[in-house]
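The exercises below are meant to be worked through with the sequence and the coordinates side by side. Try each task before reading its solution.

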Amino acid sequence: MKHFVSKIGFKLILVVGITSLIIISVYAFFTIKSQHSVLLNEVERHGNQLSEALKKSMHYEMLANNRESIHNMINTIGEEPSIREVRIFNKLGEIIYSADDSDIGRIINLQEERCFACHAEDEPLHRLPINERTRIFKKETDNQRVLGIINPIYNEQTCYEADCHAHTSSQTVLGVLDITLSLNDVDQQIKKSEFTILLFSIITVVGISFIIVFFIRKWVVKPVSGLVTATKNVAAGNLQYTIDITQNDELGQLATSFNNMTHKLAEARMQLFQSDKMASLGRLAAGVAHEINNPLTGVLTYSSFLLKRTKDKPEIQDDLKVIVRETKRSREIVKGLLDFARQSVPKKNKADINEIIDRAYTVIENQLNMNKVKFEKNYSTDLPQIVVDSNQMQQVFINLIVNASDAVGPNGGFVKASTRPIDLSPYGVIQIKKAECSKRHSLIDEHNKIDGLPTIKFLVRQDEKEVIFRLNSIYGKKEHESGSIINTQKAFTIECPTCAISLKNENEKCPECNSSIYTIDTPGQGQLKGCINKNCYWQTWPEIEASGRREFIEITIEDNGSGIPKENLSKIFDPFFSTKGQKGTGLGLAVIWGIIDNHDGTIKVESEVNVGTKFIIRLPLEPMRKQ
Amino acid sequence: MTSDKIKILIVDDEQVVVDSLLKICEMEGYKTSYALSAEEGLVLLQKEKFDLILCDIMLPEMNGFEFLEGLHARKIETPVIMTTGYSTVENAVKSLYEGAIDYVPKPFEVDEILSALNRGINYGKIKNILRYAKSSDIVYVDCPSKYFRLGVASWVHITGEGLATVGVTDLFLKTVESFDSLKLMVVDEEIYQGSSCAWFMSEKGFVHDLLSPISGKIIERNENVLSNNSIIEKDPFFDGWLYKVIPSDIEYEMKNLTSCSSDQL
């Protein structure tokens, strides 16, 4: 219970509920009160009118001293069910007329309730204002509320000049007309309306409470508990957890920034993990190198020592030379391991790409000659200098040329290196490296590649049919791969495969073919829009377009070797993917990919089995504008 | 060499390394002692005098660099050659900066260690001659005061326009005694601080590696010294330069170099 009470939703509901209860109670109280007084006023007015009308209608009969007629009149009126009593007293308090015959002749006490208005003082009032003529009191007999109206009958000229000479001119008040009305009906009406208002108030309070409960649950409790679950998950280490964003208010924004935060945290952790891995790999390599080098020292010194001592025994010499050679090879391997472990920071300098390729070629010239591979050059003479790590670049070219020469095979062929400066719009060059839906789910598909690059995928739904669309991640290259064909004439949706949020831009149509448009977020680089029509190449990426045309150096290494089967084409840049079996580590192209990526460049491959392979590297002359 | 035998101290925690070094020294007729730790080595040095020390860097408790400090503290001036299985450029550079006269990465061949031992012994002899020589005698030429050196073997002179000249010290040439031929790297190749950049082939059949004082790209090499080796021997600091290079990270590497102006004191 305490747990429940402490919840924010409960508190909000409680506060709003109590507030509405108070407001509605006050409102109901005043409504009832005012209705009560309106009704009573009405009854009073009605009573006064009745009393005045009766008095006026009796005036003539009284002058004529027509007692029988007055009596009849009073009796007739007294038959009305709401009228309890109709009486006329004379000055002495003697009842001279009454609807109830038994009352006639009775003298009433001046201290009675009805007399009080005038007889409160010793000297009775002669004039009584109309609003003071009425009195509400309870009848002792049946405990019902009644309204008494006292109407003094004043002496007038016609009265004391009448033939009967009953009254003298000196008298002011001749008698009093007293009517008592039952308030039973009015009281019942008041009770009924009180009940109605109360009922209405209760229904309103309960209704408001339910509405509040509903919306607070929807807008506050659910998102807050979603956030709480997410923070718990993140605290427990699950950085992949994302909150589903269903609203656009402050809590929605909080959830969005929470998602962004965990996303960045996950990236940072990944990076940390990667560098941590490299660091421990480095320590491991260093340890291994040290441990291996000591025994290798024994082998190498003893064998080279023996080699010196057995110059006269050629049959032993040959064997010893093998030991020395192989130990030296081991030494080189260990040295490579140590070099890898050091992971030196790339040292970038202005360099000539043609020169770097030439240098790479000199390193492997012998190997190419042995494989009967002809090395052809097609260099651009006006190639600008470019800021690169020339050692890393050399490594890239050595690797690519060696790969090409391996692909050429024993019958010989050629490897051709070409360079040229190109000036390109970002269209068709820049790779879309990050793509997300509006809920921060990555749309990048690392496993299914086009041209060796990860693809961008979305889910297209039409007629109960789900189709995964894969998009070339080069901006402007709009090749699709999809399981089935979409009929663009019929309705379809474009969704994020993870959360099914729509990626379709409902407000816009492709300016070229009027088909539907998708919109994807590219974090840090704005939004990218494109046309879903397979035959239309329209795409726009304003933030990247704004950075303008860029100059690149394009390096192509091509061969006429065995080519790469289509099914392998998408995997060649994956670490540990190798077709060379024991000969390769499968790291070569992955490392190349990393180096080119570090230089903000792109690398792609085109290949046809038994025709040849072409690697195209594009390096930007100027680094990308920093966001 | 025959009358009073050269005495060498080997400090290494690996028995197989000690054994192989003992074998090599024995073959050359050197007298040897060994210690399996730096502390043990220092104790031996207190009792005996050695001509040369061969010391590993990765040692239990006290490492090779601390051993060098220990020698310095005890004012033992015996030349030290460092070896290590953790054969990185950083270790090489640090060894030379800390006062070792040479650095040989493991694993080594017999000839590789022999050439280093040879230089080390010659170095000791030169220092001995220096001790008893008159101040007017020129035993070897010191490197000019504006130059910087890595250890005692190679020098670098920062000339203007972002260039540097690299060469070999007279002391190194004297320890090599004399060489038949010289092998240099080619223009456009990169040299790295602490890595071999030139190879001197001696009459005895040894190859003496010169460790480069800085890293950079070679833009010119001295073809004169290749055609006429004696230029180096005559004037190693000026006409006998080896390379002109564009240094890649001179600020960082300077802290591993020793200023030659201190040699004049």
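**Exercise 1. Find the residue of S15(B) that is the bridge partner of B:Phe148, and then place the strand in its sheet.**

Solution. In S15(B), the partner that B:Phe148 meets through a bridge is B:Ser259. Before going further, note that this is a predicted model, in which local features need pLDDT of at least 70 and side-chain atom pairs count only at pLDDT 80 or more, while totals for chains, interfaces and linings use all residues. Residues are numbered from 1 along each chain as its sequence is written, and chains are lettered from A and ligands numbered from 1 in the order in which they are written.

Next, strand S6 of chain B, residues 148–150, pairs with S15(B) in the antiparallel sense over two bridges; pairing here requires that DSSP finds at least two bridges between two strands. Helices (H or I, at least four residues) and strands (E, at least two) are DSSP runs, numbered from the N terminus.

Finally, the open sheet has seven strands in the order S10-S13-S14-S8-S7-S6-S15 (chain B), with antiparallel pairing. Strand S10 (190–191) and strand S15 (258–259) of chain B are at the edges and have a single partner strand each, so one side of each is left without a neighbour in the sheet.

**Exercise 2. Check whether the span of helix H10 of chain A agrees or disagrees with its 19 residues.**

Solution. The expected span of a helix is 1.5 Å times one less than its number of residues. For helix H10 (residues 390–408) of chain A this should give 27 Å, and because its end C-alpha atoms are 27 Å apart, the two values agree.

As a second step, consider the surroundings: 16 of the 19 residues of H10(A) are buried, so the helix is mostly covered, where buried means that 20 or more other C-beta atoms lie within 10 Å of a residue's own, exposed means 12 or fewer, and partly exposed means in between, with C-beta atoms placed from the backbone. Just after H10(A), A:Gly409 takes a positive phi of about 85°.

**Exercise 3. Describe which elements of chain A supply the side that touches chain B.**

Solution. The contact takes 25 residues from chain A and 21 residues from chain B, two residues being in contact if their C-beta atoms, placed from the backbone, lie within 7 Å. On the side of chain A, helix H7 (250–309), helix H8 (314–342) and helix H9 (353–370) each supply at least two residues, and H7(A) gives the most, with 15 residues. Sorted by class, this side has eight nonpolar, ten polar and seven charged residues.

**Exercise 4. Locate the backbone features at A:Asn514, B:Glu61 and B:Pro107.**

Solution. Most residues other than glycine have a negative phi, and most peptide bonds are trans. A:Asn514, although not a glycine, has a positive phi of about 65°; this residue sits in the loop between strand S15 (504–509) and strand S16 (516–521) of chain A, and is exposed, with 12 other C-beta atoms within 10 Å.

B:Glu61, also not a glycine, has a positive phi of about 55° and belongs to the loop between strand S3 (52–56) and helix H3 (64–73) of chain B. With 9 C-beta neighbours inside 10 Å, B:Glu61 counts as exposed.

The last feature is a peptide bond: from B:Lys106 to B:Pro107 the bond is cis, with omega near -5°, and B:Pro107 lies in the loop between strand S5 (102–105) and helix H5 (110–132) of chain B.

Conventions. Nonpolar A, V, L, I, M, F, W, Y, C, P; charged D, E, K, R; others polar.
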